[in-house]
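Good morning, everyone, and thank you for making room for me on the agenda. Please have a look at the sequence and the structure on the screen, and then I will go through a few places in it.

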Amino acid sequence: HTTADFDALGAAVGLTRLIPGSKIVLSAGAHPAVKDFLALYRDEFNLIERRAVNIKEIRSLILVDAQARSRIGKLAEWLDLPHLVDITIY
């Protein structure tokens, strides 16, 4: 969701371990403790910035810790991509 906490980050990290090739994109900011954690361990995770995503390459989305469009900020626009094949919500 828009301010990722540890349960959102943990769920996203777990899914990248289960789904090869998946990437974590945080929709906006993160809680201060999560920011501090990522400052130390960011390179350990398959995490990329939203601005670095080529939306033409997105075929599926997996959302964690959010069930409403309003909770994912600007990433909500991705839900309407015409070439999107699958959306999963955990």
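I will speak about a pocket, a surface patch, two salt bridges and three single residues.

Before anything else, please keep in mind that this is a predicted model, and that the values I quote were computed from it.

Let me begin with the largest pocket, which holds about 790 Å³ of space. Which residues come closest to its centre? Of the 31 residues that line this pocket, the closest to the centre are Lys-23, Ile-24, Val-25, Leu-61 and Ile-62. If we ask instead which elements contribute to the lining, H1 and E3 each supply at least two residues, and the largest share, 5 residues, comes from H1.

Ile-62 also takes us to the surface, where Leu-18, Ile-19, Ile-62 and Tyr-90 form a nonpolar patch with about 410 Å² of accessible area together. One member of that patch, Ile-19, lies in the loop between helix H1, residues 6-18, and strand E2, residues 29-30. Ile-19 has a relative accessible area of 31%, and therefore counts as partly exposed.

Now for a residue with a different setting: is Val-53 buried or exposed? Its relative accessible area is 18%, and because the cut-off for buried is under 20%, Val-53 counts as buried. Val-53 is found in the loop between helix H2, residues 32-41, and strand E3, residues 60-63. Leaving aside residues up to four places away in sequence, Val-53 touches Val-25, Ile-48, Ile-58 and Trp-78, and you may remember Val-25 as one of the residues closest to the centre of the largest pocket. Val-53 and Ser-27 are 26 residues apart along the chain, and their C-alpha atoms are separated by 12 Å.

Let me turn to charged pairs, where the count comes to 2 salt bridges. In one of them, Glu-49 pairs with Arg-42, with the closest N and O atoms 2.5 Å apart. Glu-49 is partly exposed at 36% relative accessibility, and Arg-42 is partly exposed as well, with a relative accessible area of 31%.

Asp-80 and Arg-69 form a salt bridge too, and here the closest N and O atoms are 2.6 Å apart. Both residues sit in the loop between E3 and E4, 11 residues apart. How accessible is each partner? Asp-80 has a relative accessible area of 52% and so counts as exposed, whereas Arg-69, with 42%, is partly exposed.

The loop between E3 and strand E4, residues 86-89, also contains Asp-65. What is worth a second look in the backbone here? Most residues other than glycine have a negative phi. The phi of Asp-65, however, is near 60°, a positive value in a residue that is not glycine. As for its surroundings, Asp-65 counts as partly exposed, at 28% relative accessibility.

Finally, let us go to Thr-3, which lies in strand E1, residues 3-4. Thr-3 is partly exposed, with a relative accessible area of 39%, and, not counting residues up to four places away in sequence, Thr-3 touches Gly-29, Ala-30 and His-31. Thr-3 and Ala-66 are 63 residues apart in sequence, while from C-alpha to C-alpha they are 11 Å apart in space.

That brings me to the end of my tour, and I am happy to go back to any of these places with you.

Methods. Residues numbered from 1 in each chain as written. Predicted model: local features only at pLDDT ≥ 70, side-chain atom pairs only at ≥ 80, totals over all residues. Heavy atoms only, no water. Patch = residues over 30% accessible without salt bridge, like charges linked within 9 Å, V, L, I, M, F, W, Y side chains within 5 Å. Areas by Shrake-Rupley, 256 points an atom, 1.4 Å probe, with all protein chains shown as cover. Salt bridge = Lys/Arg side-chain N within 4 Å of Asp/Glu carboxyl O. Helix = DSSP H or I, 4+ residues; strand = E, 2+ residues; numbered from the N terminus. Buried < 20%, exposed > 50% of the residue type's maximum accessible area, 1.4 Å probe, protein only. Contact = heavy atoms within 4.5 Å. 1 Å grid on protein atoms, 1.4 Å probe; cavity = no way out; pocket = protein on both sides within 12 Å on 5 of 7 lines; lining within 4 Å. Points joined across faces, edges and corners; volume = space filled by probe spheres on them.
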